[in-house]
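Work through the exercises below with the sequence and the model in view. Each task is followed by a solution in steps.

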Amino acid sequence: MEGFSENARRFISAYNQIDQSLRNQCDLTKSISYTEAIRKASRFNALVKRNEDKLIDYGRLRNAIVHSFNEDSVIAEPHTNVVEEYERLAKAICTPPLAIDTVLNRDIKTVAYDTPVKDVVESIYKTGVSNWPVYKDGMLIGVANSRKLIKEIGKKIYEKKDLDEYLENTKIEDAISNFGDDTYYTIANKDVTLDKILNMFSENRKLALIVITETGSLLELPIGVVAIADIMDVNKILDNY
């Protein structure tokens, strides 16, 4: 890149980093253009999707810099603020931060499978924690979600059931078995990145909680959780990374 200005060199370097990273992530051939790579990556990468138009515009600027370069007549020269923004995007896309180092909530509230529904509801009220991973014999079998519990309790009231009897004598395992087939929680390993966290919540609008374990196994106790309420923090960290 001899002859280019410092800003142009930095800008082209950011372009190359993003281009190569997305080709590796999407397993794309060299024949695919940068713009096509952005379009394809946006289908599964929420961070790329959110910045899709900007990334494509920056790609056009890179082409103007490279293909129209003439030492005697500089047609395109990126401003410093544009270079810094492109470098920030390159860093976030190519080496995104880990959830375990940023938003991971380590104050994990879990509950045993045979805990009465009454005790779980009381714990939710006292702590303000809406999602409690439920474990049985060391295995994650579900998540006691406050909204789903309220719906289940409301159903008992509607059916004119003895509410006290239900709350005191129903195990949380039995309660969550009636929550339906909605995938409202999932599990990930300790290496999950913030862009992947963003993808999970973007792809499943009903997702309420991501349980993080060492290897992403149901047979491991959680080392932390990320809830839907943490999405604003995820976006803020990626915007400032």
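Axes are lines fitted to C-alpha atoms, for helices over the stretch in contact, and angles run from 0 to 180 degrees between N-to-C directions. The model used here is predicted.

**Exercise 1.** Describe how helix α1 packs against helix α2.

Solution.
1. Two packed helices are described by the angle between their axes and the distance between the axes.
2. Helix α1 covers residues 6–26 and helix α2 covers residues 34–41. Their axes lie 10 Å apart and make an angle of about 50°.
3. Angles under 35 degrees count as roughly parallel, and 65 to 115 as roughly perpendicular. α1 and α2 are therefore oblique to each other.
4. The crossing of α1 past α2 is left-handed.

**Exercise 2.** Identify the residues through which α1 and α2 meet, and sort them by class.

Solution.
1. From α1, the contact takes in Y15, I18, D19, L22, R23 and C26.
2. From α2, Y34, A37, I38 and A41 take part.
3. By class, eight residues of this contact are nonpolar, two are charged and none is polar.

**Exercise 3.** Decide whether the protein is more spread out than a compact globule.

Solution.
1. The protein has eleven helices and six strands.
2. For 241 residues the globule rule gives 18 Å, whereas the radius of gyration is 24 Å, well over that value, so the protein is more spread out than a compact globule.
3. Along the principal axes, the C-alpha atoms fill a box of roughly 85 × 30 × 30 Å.
4. Of the 241 residues, 43% are buried.

Methods
Residues are numbered from 1 along each chain as its sequence is written. This is a predicted model: local features need pLDDT of at least 70, side-chain atom pairs count only at pLDDT 80 or more; totals for chains, interfaces and linings use all residues. Side-chain values use heavy atoms; hydrogens and water are left out. Helices (H or I, at least four residues) and strands (E, at least two) are DSSP runs, numbered from the N terminus. Angles under 35 degrees count as roughly parallel, over 145 as roughly antiparallel, 65 to 115 as roughly perpendicular and the rest as oblique. A crossing is left-handed if the near helix is turned anticlockwise from the far one by less than a right angle, and right-handed if clockwise. Contact means heavy atoms within 4.5 Å. Ala, Val, Leu, Ile, Met, Phe, Trp, Tyr, Cys and Pro count as nonpolar, Asp, Glu, Lys and Arg as charged, and the others, Gly among them, as polar. The radius of gyration is taken over C-alpha atoms; the globule rule is 2.2 Å times the number of residues to the power 0.38. Buried means under 20% relative accessible area, exposed over 50%, partly exposed in between (1.4 Å probe, protein chains only).
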